[in-house]
Amino acid sequence: QQWEYGKQDCYTLVRQYYELIGVKLPDFSQFGEVKREAMSRMMFATANNMQRSWLNVPHVTQFEDADITDMEDFRKAQKAAGEKKGVKMTPLPFLLKACATALAELPQFNVSLDMERKEVVRKKFIHIGIAVDTPNGLMVPVIKDVDKKGLWELAAESAELAQKARDKKLKPAEMQGACFTITSLGAMGGLGATPIINKPEVGILGVHKAIDRAVVKDGQVVVRRMMNFSSSFDHRVVDGWDGAMLVQRLKTLLEHPATIFM
């Protein structure tokens, strides 16, 4: 009887929980013509993952900007070399290397929480996911061992995986094992955002459009190429000081790209 009571009590709590978080929709047809269509499996899975992460992970987001003028000058100077290699050098490989360097220096971000076993899983590898917007929804292919690869290799691999994502040809193994994720709004711009962590990772980097902006440098007003970025982290694992350290390290690496390889 005690077990039966316990089960009933559990069912009641679950039902109340879903009533609390659920949103009962009105009959929209009473307001005008509507059309219903089934969610794709990818859209449904993404929606579930986003909701689960937002409900279970206490997000904190740090905002910063970086002067990427030197990085962009160097990147554009590689155009001829890229044409010979058949690879386009975008800002993404620099972001990947900067994140890999920061994760190696700040290993508290390269972990996952196992709440069931009350353990912290510390990873000895650095795999980074890249969010790709596709006609079928958001997909996140994973580039393995980013810390061991050069810019050209990362440029080629990221382009290949992004195309496979758009063509719906990604294999399950190519979307697993990430330690950290980079998501970019790119040309869409925006001053900032609060990217949702891809659980069970504990951090994510959101990148926004780079623009020319007047800034003060060495006491002079000059035009520099500036990029806003934001990083969300899991506050159960990472405190505010460490979160700020990651953001400032990324800023330094992006502003002085040569240090990525030192």
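**Close-up views of a predicted model**

**View 1. Lys168 sits in the loop between α6 and β8.** The model shown here and in the other views is predicted. Lys168 has a positive phi, near 60 degrees, and is a residue other than glycine. Is Lys168 buried or exposed? Lys168 is exposed, because its relative accessible area is 61% and the cut-off for exposed is over 50%. The loop that holds Lys168 follows helix α6, which covers residues 151-166. Strand β8, on the other side of the loop, covers residues 180-184.

**View 2. Asp145 lies in the loop between β7 and α6.** Strand β7 is residues 142-143, and helix α6 is residues 151-166. Asp145 is not a glycine, yet its phi is positive, at about 50 degrees. How accessible is Asp145? Its relative accessibility is 26%, so Asp145 counts as partly exposed. Partly exposed is the class between the 20% and 50% cut-offs.

**View 3. A cis peptide bond joins Lys199 to Pro200.** Omega of this bond is near 15 degrees. Where does Pro200 lie? Pro200 is placed in the loop between β8 and β9. Strand β8 is residues 180-184, and strand β9 is residues 203-217. Both strands give two or more residues to the lining of the largest pocket.

**View 4. The hairpin of β2 and β3 has four residues between its strands.** Strand β2 is residues 111-114, and strand β3 is residues 119-122. In which sense do β2 and β3 pair? The pairing is antiparallel and runs over four bridges. Asp114 has Glu119 of β3 as its bridge partner. Within the hairpin, Lys118 takes a positive phi, near 55 degrees.

**View 5. Six strands form an open sheet with mixed pairing.** Strands of a sheet pair through backbone hydrogen bonds, either parallel or antiparallel. The strand order here is β1-β10-β9-β8-β4-β7. Which strands are at the edges? The edge strands are β1 (59-67) and β7, and each pairs on one side only. At the β7 edge, the pairing of β7 with β4 (residues 128-130) is antiparallel, over two bridges. Ile128 stands opposite Ile143 of β7 in this pairing.

**View 6. The largest pocket has a volume of about 1000 Å³.** Rolling a probe the size of a water molecule over the atoms shows where empty space is left. How many residues line the largest pocket? Its lining has 39 residues. Nearest the centre of the pocket are Thr46, Met50, Leu138, Met139 and Val140. The elements that give two or more residues to the lining are α2 (41-56), β5 (132-134), β6 (137-139), β8 (180-184) and β9 (203-217). Helix α2 supplies the largest share, eight residues. By type, the lining has 19 nonpolar residues, 14 polar ones and six charged ones.

**View 7. Trp54 is part of helix α2.** This helix also gives eight residues to the lining of the largest pocket. Is Trp54 exposed, partly exposed or buried? Trp54 is partly exposed, because its relative accessible area is 48% and the exposed class begins over 50%. Which residues does Trp54 contact, neighbours within four places in sequence aside? These contacts are His59 and Ile196. The C-alpha atom of Trp54 is separated by 22 Å from that of Glu64, ten residues apart along the chain.

**View 8. Ala80 belongs to helix α4.** Helix α4 is residues 79-85. At 49% relative accessibility, Ala80 counts as partly exposed. How far apart are the C-alpha atoms of Ala80 and Thr101? They are separated by 27 Å, with the two positions 21 residues apart along the chain counted as their sequence separation.

**View 9. The whole chain has seven helices and ten strands.** Its C-alpha trace spans about 75 × 50 × 40 Å along the principal axes. The chain has 262 residues, and 37% of them count as buried. What share of contacts between residues at least 6 apart in sequence joins residues at least 24 apart? That share is 63%. The chain exposes about 16400 Å², of which carbon and sulfur atoms supply 56%.

Notes: Residues numbered from 1 in each chain as written. Predicted model: local features only at pLDDT ≥ 70, side-chain atom pairs only at ≥ 80, totals over all residues. Heavy atoms only, no water. 1 Å grid on protein atoms, 1.4 Å probe; cavity = no way out; pocket = protein on both sides within 12 Å on 5 of 7 lines; lining within 4 Å. Points joined across faces, edges and corners; volume = space filled by probe spheres on them. Nonpolar A, V, L, I, M, F, W, Y, C, P; charged D, E, K, R; others polar. Pairing = 2+ DSSP bridges. Buried < 20%, exposed > 50% of the residue type's maximum accessible area, 1.4 Å probe, protein only. Contact = heavy atoms within 4.5 Å. Areas by Shrake-Rupley, 256 points an atom, 1.4 Å probe, with all protein chains shown as cover.
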